[in-house]
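Open the structure in your viewer and keep the sequence panel beside it. The stops below say what to select and what is there.

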Amino acid sequence: MQLVTMPALALRGLTVYPKMMVHFDVGREASIKALEESMSSNKPIFLVAQKDIRVEAPDMNQLFSVGTVSVVRQILRLPGKSIRVMVEGQYRARLYDLVQTEPFLVAEVEQVEIPGIEGKTNSLKAEAAIRQSYELFDRYTELTPKSTSPDMLMNIMSSEDPGYIADFIAQNISMRVLDKQSILDELRPIQRLNKMNRLLHREVEILEMEQNIQRRVQESMTQNQKDAFLREQVRVIQEELGDDSDSEIATYRKKIAEAKLPEEVEEKLLKEVAHLEKQPFGSAEASVLRNYLDVCLELPWTKTSKERINVQAARKILDADHFGLEEVKERILEFLAVKQLAPDLRGQIICLVGPPGVGKTSIGMSMAKAMNRKLARISLGGVHDEAEIRGHRKTYVGAMPGRIMSALRQAGTKNPLLLLDEIDKLGSDMRGDPASALLEVLDSEQNSTFRDHFVELPFDLSDVLFITTANTTSTIPKPLLDRMEVIELASYTDEEKLQIARNHLIPKQLKRHGLKKSQLKLTDDAIREVIVSYTRESGVRILERELGSLCRKAAMAIVSDGVKSVSVTGDNLEQYLGPRKYYPEKNGMENQVGLVNGLAWTSVGGTLLEAEVNVLDGSGKIEITGNLGNVMKESAKAAFSYIRSRAVQLGVEPNFYKEKDIHIHFPEGAVPKDGPSAGITMCTAMVSALTGIPVRGDVAMTGEITLRGRVLPIGGLREKSMAALRNGIHTVIIPKDNEADLEKIDQTVRNALHFIPVSHVDQVLANALERPPLAEPSPEGELGAGMSGSEIRTPLHQA
């Protein structure tokens with residue numbers, strides 16, 4: 001065939017077939033120029049579809065190989081730069097090359113069909129294909145009445161040319177570009193019509209599926225409307241008959257009437273019921289309203305439990321549940337006594353502070369039992385969302401009331417005892433600060449009208465007795481701490497742990513493990529050995545765990561070995577619990593240079609904290625190691641400056657800070673350490689290392705130091721003194737301002753230790769070193785060498 005050069009136009013999402021009249025809009029400048037050239041020169045134009053409609057300026061590779069040579073019949077200019085054109089397809093042609101791309105496309109094409117090849121075909125295959133196309137196109141027009149017309153069906157039924165029928169159907173139905181191009185590419189008439197029939201059959205199936213889906217949706221909507229209509233009819237009939245006993249709305253109204261709610265609450269709930277009554281069946285808002293009404297009706301708006309205010313009965317319950325803790329018990333009984341004399345007294349919010357395992361939570365439970373109040377416990381550890389306290393708005397998906405309202409629902413009364421556990425471990429993030437939300441809850445002047453975000457109604461919390469627990473007050477926000485009365489629970493002494501184990505823990509563990517009292521016998525020596533060698537804690541949790549282990553060993557021996565009873569003593573304890581975990585006794589400690597016994601407080605009680613100092617030749621650097629905090633490092637620098645200021649009086653080389661390096665180290669470097677109470681400990685260790693005078697190994701100390709050598713008070717004296725006793729210390733040096741705290745120390749510990757209150761470092765050195773280094777009295781009239789201050793001497797006993 002002969003190659004013909006003519007303007008070309010790239011079509012986007014459109015295919016033009018021979019013998020078809022098509023109109024479409026053109027917006028690209030190159031396409032408009034190609035059409036104008038064809039029109040002005042009275043030349044045909046080659047219309048070919050492009051593969052990717054996103055390409056603005058297609059090249060040879062972006063165009064399909066087969067297109068249609070067409071004649072431009074009409075051009076109509078539209079507002080803007082686009083035009084509307086009408087073309088008539090002439091014949092199929094194959095793209096040979098693009099000879100020009102600017103300012104418009106010019107293509108070399110060759111005709112791929114011999115004129116007249118698509119004439120009438122009378123074969124049986126052609127007839128069958130034509131009949132099938134009639135049937136499928138008829139079904140298609142029924143499914144798409146808006147996009148097709150009966151004239152189209154008449155047009156193809158009047159033709160017996162399979163090729164023309166295929167082209168006509170492809171031109172007038174909605175198909176993918178690739179499918180339309182496949183029809184254009186097929187040159188054989190019968191095969192083209194068969195391919196068209198397959199594509200048309202697929203389109204008909206898709207349309208039928210869409211119609212079925214739409215029909216099912218419509219039927220479902222119609223059924224819901226019918227249900228709502230019938231339900232409304234039933235409701236009206238029941239109202240006319242005066243019989244609405246089975247109505248959900250009537251049930252809610254009955255519950256509200258019987259609950260005897262406050263006026264504001266009742267009015268609000270009745271409005272919500274009226275709102276629910278107007279909702280169509282199955283609506284999302286109706287579900288929200290039902291949930292809201294159910295929650296509000298479960299809250300104890302007026303229900304109270306009869307409180308028992310009896311100091312003697314409460315004393316018996318507290319003594320039966322807890323050994324020791326006399327100060328705490330006394331304070332709780334005082335609270336009950338005042339409550340007995342002034343029943344309307346409000347605003348008593350107690351915060352129990354102490355190390356883990358000393359019984360803070362169990363004391364709250366005992367108080368609830370003693371006062372005959374319902375108990376609800378709220379764990380605040382790790383809570384960092386304000387909505388946990390105040391709840392979520394009921395319009396949110398999955399909304400629920402806050403923990404305070406949920407606890408009241410659980411308790412079932414408006415005057416329960418709410419135990420807020422671990423209040424010192426509250427967090428905060430971008431969702432709010434729960435500690436700030438608790439400010440209203442724990443304020444007796446405000447909590448009578450507490451509003452939960454979900455409930456949206458004022459609830460009186462003034463009758464609730466709040467008991468909070470914490471391990472430390474340092475992390476509790478000051479405004480929150482100011483609303484609570486703090487009661488400190490100190491660590492247990494070893495003797496108290498012995499009594500607790502004997503009277504409480506062992507009977508509890510025997511019952512838990514199914515043992516009788518005669519089947520496991522524990523001597524007091526064995527219990528003491530467990531306390532000293534297998535636990536190191538302020539409370540009794542680990543002790544209870546170890547006693548449970550002994551019970552399991554005994555149960556195993558009774559079941560497996562057939563023994564009738566197991567007796568555990570201090571001598572055979574290691575057979576059951578294994579080697580000892582702790583070796584706390586340090587009797588016979590040697591006096592050493594630069595090694596001082598300090599005392600520290602931790603969350604699990606007191607501990608002995610050694611300070612080591614080495615003096616090396618150098619240039620005056622000071623190195624501080626042992627995982628220390630900033631406060632502790634500053635205390636070391638203060639002690640160092642004090643020694644420099646009194647080097648001559650202390651017998652230290654005046655230029656030591658230029659010629660010597662000092663390294664201060666606290667062992668157990670993996671454990672973080674901080675606080676100012678190791679000031680005199682580090683000062684004593686540095687003086688000992690610089691003078692060569694050994695420090696007494698049976699002395700421990702605690703106290704903060706200033707630049708002028710004054711000793712300031714510290715905290716945790718009770719726990720620190722117990723740690724000194726456990727570690728075989730005989731003498732404890734404490735700040736003079738802490739002398740009053742000795743009254744709070746257990747009598748057993750106080751009688752076993754020799755306490756020396758001091759107000760200046762000179763007194764510390766005089767009592768801690770083997771010989772005093774002082775050559776002159778300290779400034780400002782402080783005591784000098786040979787004077788030990790006001791000592792408190794008590795009989796010395798073995799720890």
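The tour goes from the whole chain to its cores, then to single residues and pairs.

**Before selecting anything**

This is a predicted model, in which local features need pLDDT of at least 70 and side-chain atom pairs count only at pLDDT 80 or more, while totals for chains, interfaces and linings use all residues. Residues are numbered from 1 along each chain as its sequence is written, and side-chain values use heavy atoms, with hydrogens and water left out.

**Stop 1: the whole protein**

Show the cartoon. The protein has 26 helices and 24 strands; these are DSSP runs, numbered from the N terminus, with helices being H or I of at least four residues and strands E of at least two. Its C-alpha trace spans about 135 × 90 × 65 Å along the principal axes. The radius of gyration is 47 Å, against a value near 28 Å for a compact globule of 799 residues. That radius is taken over C-alpha atoms, and the globule rule is 2.2 Å times the number of residues to the power 0.38.

Now switch on the surface. The accessible surface comes to about 40,100 Å², and carbon and sulfur atoms account for 50% of it; areas come from the Shrake-Rupley method with a 1.4 Å probe, and for residues only the protein chains shown count as cover. Of the 799 residues, 47% are buried. Buried means under 20% relative accessible area, exposed means over 50%, and partly exposed is in between (1.4 Å probe, protein chains only). Contacts here mean heavy atoms within 4.5 Å. Among contacts between residues at least 6 apart in sequence, 73% join residues at least 24 apart.

**Stop 2: two nonpolar cores**

Select Ile423 and Leu461. These two have the most contacts inside the largest nonpolar core, a set of 52 residues. Such a core consists of buried Ala, Val, Leu, Ile, Met, Phe, Trp, Tyr and Cys residues joined through side-chain atoms within 4.5 Å. Helix H9 (residues 284-298) gives the most to this core, with six residues.

Which residues touch isoleucine 423, leaving aside its neighbours within four places in sequence? Among them are Leu380, Leu438, Leu442, Ile476, Leu480 and Met484. Thr468, Thr469 and Ala470 are also in contact with isoleucine 423.

A second, separate core has 51 residues; select Leu489, Leu505, Val530 and Val540 to find part of it.

**Stop 3: isoleucine 169**

Go to helix H4 (residues 162-172), where isoleucine 169 is found. Isoleucine 169 is buried, at 0% relative accessible area. Apart from neighbours within four places in sequence, its contacts are Ser133, Phe137, Ile156, Met196 and Leu200. For a sense of scale, draw a distance from its C-alpha atom to that of glycine 382: the two are 213 residues apart along the chain and separated by 70 Å.

**Stop 4: salt bridges**

Show the charged side chains. There are 39 salt bridges, each being a side-chain nitrogen of Lys or Arg within 4 Å of a carboxyl oxygen of Asp or Glu.

- Arginine 77 and glutamate 36 form one at 2.4 Å, N to O. Arginine 77 is in strand S4 (residues 66-77) and glutamate 36 in helix H1 (residues 29-41), so this pair ties together parts 41 residues apart in sequence. Arginine 77 is exposed at 55%, whereas glutamate 36 is partly exposed at 30%.
- Arginine 502 and aspartate 524 form another at 2.6 Å, N to O. Helix H17 (residues 494-512) holds arginine 502 and helix H18 (residues 524-534) holds aspartate 524, so the bridge ties together parts 22 residues apart in sequence.
- Arg176, Asp179, Arg202 and Glu203 are linked in a network of salt bridges.

**Stop 5: strand S16**

Is strand S16 (residues 595-602) mostly covered or mostly uncovered? It is mostly covered, with six of its eight residues buried. S16 runs parallel to strand S20 (residues 699-701), and two bridges join them; two strands pair if DSSP finds at least two bridges between them. Select asparagine 597 and alanine 700 in S20 to see bridge partners.

**Stop 6: serine 721**

End at helix H24 (residues 717-726), which contains serine 721. Serine 721 is buried, at 1% relative accessibility. Leaving aside neighbours within four places in sequence, serine 721 is in contact with Ile745, Val749, Leu753 and Phe755.
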